[in-house]
Amino acid sequence: MKKQFFLIAFCVLTVVFATQSVIGHMKALTGPLFEWDSTIYDFGTIEQNKPAEHVFHFTNNGDVPLVISNAKASCGCTVANYTKEPIAPGAKGFVSARYNAAKVGAFTKTVTVTANTGEEAIVLTLKGEVKAAE
């Protein structure tokens, strides 16, 4: 009877420790992970009718390739472009935003980036002020 008890206890403990090991290993895996150099860019003052462009750089600090599925600008006055191929772990990628400075005054525009990171979309922000052309 004692032998059966110890055998069952040994089996239960083995299963518990094996399960904890698997869960711990799964938590160590991060998947793809953005690390941005910056998510906000201030152009300062720019001249009217002279488009301004900024390139946001990031590194995939995850352990699997990162894939951007979309980079959507907040309005028609901003055009976004991005790294189309999968970004390997440790590799760098970009999202560029080109603002058409047609309207005089302060502006704040965004580009929403969606990827396979499992987190919510990333919002990149452009801001500045357009001065009338002289």
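Among contacts in the protein chain between residues at least 6 apart in sequence, what percentage join residues at least 24 apart? In this predicted model, the figure comes to 66%.

The overall layout is easy to follow along the chain. The secondary structure consists of one helix and eight strands. Starting at the N terminus, the helix comes up before the strands, giving the order α-β-β-β-β-β-β-β-β.

Next comes the surface. The protein chain has 134 residues, and 30% of them count as buried. About 8,700 Å² of the chain is exposed, with carbon and sulfur atoms supplying 60% of that area.

Then there is the matter of charged pairs. Side chains of opposite charge can pair when their charged atoms come close. Here the count of salt bridges comes to one. The partners are Glu-53 and Arg-98, whose closest N and O atoms sit 3.7 Å apart. Glu-53 belongs to strand β3, which covers residues 52-60, while Arg-98 belongs to strand β6, residues 92-99, so the pair ties together parts that are 45 residues apart in sequence.

How buried or exposed are the two partners? Glu-53 has a relative accessibility of 46%, so this residue counts as partly exposed. Arg-98, at 43%, also counts as partly exposed. Both values fall in the band between the 20% cut-off for buried and the 50% cut-off for exposed, which is why neither residue gets one of those two labels.

Technical notes. Residues are numbered from 1 along each chain as its sequence is written. This is a predicted model: local features need pLDDT of at least 70, side-chain atom pairs count only at pLDDT 80 or more; totals for chains, interfaces and linings use all residues. Side-chain values use heavy atoms; hydrogens and water are left out. Helices (H or I, at least four residues) and strands (E, at least two) are DSSP runs, numbered from the N terminus. Buried means under 20% relative accessible area, exposed over 50%, partly exposed in between (1.4 Å probe, protein chains only). Contact means heavy atoms within 4.5 Å. Accessible areas come from the Shrake-Rupley method with a 1.4 Å probe; for residues, only the protein chains shown count as cover. A salt bridge is a side-chain nitrogen of Lys or Arg within 4 Å of a carboxyl oxygen of Asp or Glu.
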